[in-house]
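Please look over the sequence and the three-dimensional picture below before reading on. The report that follows takes up a sheet, some charged pairs, one serine and the cysteines in turn.

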Amino acid sequence: MKYVSLPDNVVRPLPFYLSMEEYVARRYSEELFFMWQVNPTVIFGRNQLVDSEVNTDYCRRRGIEFYRRKSGGGCVYADMDNIMFSYIVSCDDIVTVFSSYTSRIASMLGTLGVDASATGRNDVLIDGRKVSGNAFYHIPGRSIVHGTMLYDTDLENMTMAISPSGTKLQSKGVSSVQSRITTLREHIDMAVNEFKEYVRRYLCDSLIELDDSDVAAIEEMSRPYYTDAWIYGRNPRCTTHLTRRIDGVGEFCTDIELKNGVIKDINISGDFFLVGDLDEGLLAPLRGVPYNRESITAALAGVDPDSVVAGLRRKEMIDILM
């Protein structure tokens, strides 16, 4: 695996690093990895509603930035003590990509004497508590995994900046964000930079060095991430709002605009993992369809929801809408 490095040590806003992933994924065919850190930032998934997932008032008061990413999954908080990992590979199978990557991270932690395990869809745990959570998205021919490695963090900011739904907390049997996470600092006696160097040596055997022209191109790519249209997203005027959680798949919040009993517009948000185009693959076939189970079932007859949302079956998709 090759490590991708920048020509300087400047701390940049989160959109830069998200764009850097896509930039190097499109330019290089090798298996790639790099690490990055940001000033206090909340990162929420492509299909999440910012007002449901982010305590925007608290973030604005505390100078915490918040951005939408292209991958699915849940909302996370990052700061300079929370190391972000980016992994890029030429494989389209989400299960294979996550399993290979999280197992490798857990094994790396094991060499430091940490009893870590890869579990669930996308997490690495220590003693049953999350130290790393990851998300995934495709570009043609390439898959990008990015996520946290929680060396340390400001727990007050983490708790207050993210407002996960009661359904999500209840489903995990916990009452707070803090009770679900642990930090590496509790388990290893290494400075953060020493740990980063160890990770790089363990995972990577060669180097790709970007230059100033690459940085300029990445900054240009990052511009759409800063727009209100991308951060706040689009939702139909809602006449029907439904929320449902499917174990092993994620939480789904469906907003449907109806006119004379027909679906005029529809949007689905949540922390599920996209592996295809949500609008074209699942939502477009439903617009203009009468809002009843028989019509919706017929409209989705030729659709494979699992090709759009990882693990989602057709019957579950219909149940989400009803």
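Which residue in β14 does C253 stand opposite? The residue facing C253 is S269 in β14, and this pair is a good place to begin reading what is a predicted model.

**The sheet and its helix**

The strands β13, which covers residues 250–259, and β14 run in the antiparallel sense and are paired over 8 bridges. Strands of a sheet pair through backbone hydrogen bonds, and the pairing may be either parallel or antiparallel. In this case 3 strands make up an open sheet, in the order β12-β13-β14, with antiparallel pairing. Because β12 (240–246) and β14 (262–270) each have a single partner strand, they stand at the edges, and one side of each is left without a neighbour in the sheet. From one strand to the next the twist averages 20°. Helix α12, made of residues 314–321, packs on this sheet and touches β12, β13 and β14, while its direction makes about 145° with that of β12.

**Salt bridges**

The count of salt bridges comes to 19, and the table gives three of them, with the distance between N and O atoms and the relative accessible area of each partner.

| Pair | N to O distance | Relative accessible area |
|---|---|---|
| K2 and E30 | 3.2 Å | K2 25%, E30 29% |
| R185 and D152 | 2.7 Å | R185 54%, D152 16% |
| R313 and E316 | 3.0 Å | R313 56%, E316 14% |

The side chains of K2 and E30 meet in a salt bridge; K2 lies in strand β1 (residues 2–5) and E30 in the loop between α1 (14–27) and β2 (32–36), so the pair ties together parts that are 28 residues apart in sequence. Of these two partners, K2 is partly exposed, and E30 is partly exposed as well.

The side chains of R185 and D152 also meet in a salt bridge, and this pair links distant parts of the chain, 33 residues apart, with R185 in the loop between α6 (166–171) and α7 (192–203) and D152 in the loop between β10 (142–150) and α5 (155–161). Here R185 is exposed, whereas D152 counts as buried. For the pair of R313 and E316, R313 counts as exposed and E316 as buried. Beyond these pairs, R244, R293, K315 and D319 are linked in a network of salt bridges.

**A buried serine**

Where is S71 placed in the chain? S71 sits in the loop between β4 (65–68) and β5 (76–78), and with a relative accessible area of 0% S71 is buried. Its side chain is joined to that of H146 by a polar contact of 2.6 Å. When neighbours within four places in sequence are left aside, the residues in contact with S71 are G45, R46, A135, F136, Y137 and H146.

**The cysteines**

How many disulfides does a search of the whole structure find? The search finds 0 disulfides, a disulfide being a covalent bond between the sulfur atoms of two cysteines. Why is C75 without such a bond? The cysteine sulfur closest to that of C75 belongs to C59 and is 8.2 Å away, which is too far for a bond. C91 is likewise in no disulfide, and the nearest cysteine sulfur, that of C204, is 18 Å away. As for their surroundings, C75 is buried, with a relative accessible area of 13%, and C91 is partly exposed, with a value of 23%.

Methods:
Residues numbered from 1 in each chain as written. Predicted model: local features only at pLDDT ≥ 70, side-chain atom pairs only at ≥ 80, totals over all residues. Heavy atoms only, no water. Helix = DSSP H or I, 4+ residues; strand = E, 2+ residues; numbered from the N terminus. Buried < 20%, exposed > 50% of the residue type's maximum accessible area, 1.4 Å probe, protein only. Polar contact = N/O pair within 3.5 Å; in protein donor to acceptor, adjacent residues only side chain to side chain. Contact = heavy atoms within 4.5 Å. Salt bridge = Lys/Arg side-chain N within 4 Å of Asp/Glu carboxyl O. Pairing = 2+ DSSP bridges. Axes fitted to C-alpha atoms, helices over the stretch in contact; angles between N-to-C directions. Disulfide = S-S within 2.5 Å.
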